[in-house]
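Open the structure in your viewer and keep the selection tool ready. We will go stop by stop.

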Amino acid sequence: MNDASPQTFRAFEAASGEPLEPAYPVSTTEDVAAACEAAAAAFDTYRELPAERRAAFLDAIGDEIVALGDELLERANKETGLPIARLTGERGRTVGQLKLFAQVVRDGLFRGLRVDPALPDREPLPRPDLRLRKIPVGPVAVFGASNFPLAFSTAGGDTASALAAGCPVVVKGHSAHPGTGLLVAQAIARAAEKTGMPAGVFGHVMGNSRSIGEALVADPRIAAVGFTGSRGGGLALQKIAQQREVPIPVYAEMSSINPVVLMPGALASRGAALGTAFIGSLTMGAGQFCTNPGLVLAVEGEGLDAFIAAATDAIGGAAPQVMLTGGIRQAYDDGVAKLKKLAQSVASGPEGDGKTCGGANLFAVSGSEVVDRPELLEEVFGASSLLVRCKDLGELARVLEGLEGQLTATLHMDESDYAEAAKLMPILEKKVGRILANGWPTGVEVAHAMVHGGPYPSTSDGRTTSVGTLAIERFLRPVSYQAIPEALLPPELRDGAGVPRLFDGKFEA
């Protein structure tokens, strides 16, 4: 029983469903307004800080998170049910992306500097001196994610990229892991103090009321939003942002079923091995990944039969895992129950006896059924996947053409499949943000060439990514300076600045 007062709330232990100590205060709309006001007051100072100082701040955040030690991991384990080993890796990823963005700030390429020198003698008209840089958009609201309490939450990729861009951040901590979020928020505050950042550069609000997040997005001082979560949640925030007097972008990563295509040659040569590996990806982390392989497409035949047999064996031995929250478990059960009415149940794993333990499930339908029944393709967040048996590659291509936008698509293929796979590539390019060959979509590398995004509804803006260094672009906008005297130009745009830029269309290091 939760004995917290209406002004406080508690986290619940994922494994048992029991409330955890302590009770946390619920932020008020006044708290939200104060955090936004402080962020706006900090913006002009923070955005003009020398690159090295901003980079040092990001480095210091990573150091302070590491300094939390086992306390952080143990609290996250209780609140999410994620194993300590997984959380240790996630902490490393969180710190690593902070360090990576620190290097991005030091390199300076994100500023997108361009110079087109004046051409006074050009005919028929002279060209004025034009110089461009990208500047931060302003304070950014970030919403923590349930399934990554560190890497996609308080100090996750949205926060790291916004701070790197020069934007103060106000985080709405996820209500399922408030203790974890608060520990990280305190680490960020210590890093800000130690590196001399302006007051208000980072704010943190918390609570289990939707009104907190709604007030944050509606606040006129917020200039952009980063969100990872459900489609319903992302669209609700986007509606608020668009109804403001000054609309702002919401960069929401929402839903995806991540199609996996098993090409005939690959199935013929290694169908059984693919079946076993597929279940390993499907059940990783109880399937609670936005890149979980929720859809498999293949042409019927002996290779597919071997895949199904191996997958059935593997799923039968897949131990049930603790899911993040009781609500997520209930939504998973509801999605599975719906698929049981719509599709053939191929295999299922053992069910757990805890409140938030879920077993894996594999369903199957024909290609023609999927084309006619799009409700089969709704995301089930958890270890559930739908196998689509296609009569030929033409039908498989038609199923792909009918899909919504996705984060990823995977091609399992041998060299004998390359010609047919080449025909599918243009379809996949239109549908997804990342195309994989002979791998599994779970696991997102934090790197310069990574895209963790995709066409709607996988994200609200398919031109962007929430992982990798390109994520910084979401929180920048270009400003052009025409015939501005050098004394008034930003230092990096002045002659002889010695920074990487495009000069008259040619790159200068």
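**Stop 1: L400 and its partners**

Select L400. Leave aside its neighbours within four places in sequence, and L400 is in contact with P259, V261, L297, L424, I427, L428 and K431. Show those side chains too. Before going on, remember that this is a predicted model.

Now widen the selection. L400 is among the residues with the most contacts inside the largest nonpolar core. The others named with L400 are F278, F307, L386 and L424. The core has 63 residues.

Next, colour I61, I188, A224 and A471. These belong to a second, separate core, which has 45 residues.

**Stop 2: M425 on helix 14**

Select residues 418–431. This is helix 14, and M425 is found in it. Is M425 buried, partly exposed or exposed? M425 has a relative accessible area of 30%. Buried would need a value under 20%, and exposed a value over 50%. M425 is therefore partly exposed.

What does M425 touch, leaving aside its neighbours within four places in sequence? Look for L411 and I435: M425 is in contact with both. Then pick the C-alpha atoms of M425 and A409. They are separated by 9.9 Å. Along the chain, these two residues are 16 apart.

**Stop 3: the largest pocket**

Turn on the surface. The largest pocket holds about 1500 Å³ of space. Select S146, H174, F227, G229 and S230. Of the 50 residues lining the pocket, these are the closest to its centre.

Which elements give two or more residues to this lining? Select them in turn:

- helix 7, residues 210–218
- strand 8, residues 224–228
- helix 8, residues 231–243
- helix 11, residues 326–342

Stay on helix 8 for a moment. Helix 8 gives the most to the lining, with six residues. Now colour the whole lining by residue type. You will find 19 nonpolar residues, 22 polar ones and nine charged ones.

**Stop 4: the second largest pocket**

Move to R47, L49, R111, R133 and E492. These lie nearest the centre of the second largest pocket. Its lining has 15 residues, and its volume is about 260 Å³.

Select helix 2, residues 51–67, and strand 4, residues 130–136. Each supplies at least two residues of the lining. Strand 4 provides the largest share, four residues.

Colour by residue type again. How many residues of this lining are nonpolar, polar and charged? The lining divides into eight nonpolar, no polar and seven charged residues.

**Stop 5: two cis peptide bonds**

Zoom in on the backbone from E21 to P22. The peptide bond here is cis, with omega near -5°. P22 sits in the loop between strand 1 (8–9) and strand 2 (24–25).

Jump to E123 and P124. A cis peptide bond joins these residues too, with omega about 5°. P124 is in the loop between strand 3 (114–116) and strand 4. You selected strand 4 at the previous stop.

**Stop 6: two positive phi angles**

Select N438. It is not a glycine, yet N438 has a positive phi of about 55°. Find N438 in the loop between strand 18 (432–437) and strand 19 (476–482). The relative accessible area of N438 is 39%, so N438 is partly exposed.

Go on to A483. A483 is not a glycine either, and its phi is positive, about 55°. Its place is in the loop between strand 19 and strand 20 (501–503). Is A483 buried or exposed? A483 is exposed, because its relative accessible area is 53% and the cut-off for exposed is over 50%.

**Last stop: the whole chain**

Clear the selections and zoom out. Show the cartoon: the chain has 14 helices and 21 strands. The C-alpha atoms fill a box of roughly 75 × 70 × 40 Å along the principal axes.

How does the radius of gyration fit a compact globule? With 509 residues, such a globule would have a radius of gyration near 23 Å. The chain has 25 Å, which agrees.

Now colour by burial. Buried residues make up 55% of the 509 residues. Finally, show contacts between residues at least 6 apart in sequence. Of these contacts, 76% join residues at least 24 apart.

Conventions:
Residues numbered from 1 in each chain as written. Predicted model: local features only at pLDDT ≥ 70, side-chain atom pairs only at ≥ 80, totals over all residues. Heavy atoms only, no water. 1 Å grid on protein atoms, 1.4 Å probe; cavity = no way out; pocket = protein on both sides within 12 Å on 5 of 7 lines; lining within 4 Å. Points joined across faces, edges and corners; volume = space filled by probe spheres on them. Nonpolar A, V, L, I, M, F, W, Y, C, P; charged D, E, K, R; others polar. Core = buried A, V, L, I, M, F, W, Y, C linked by side-chain atoms within 4.5 Å. Buried < 20%, exposed > 50% of the residue type's maximum accessible area, 1.4 Å probe, protein only. Contact = heavy atoms within 4.5 Å. Rg over C-alpha atoms; globule rule 2.2 N^0.38 Å.
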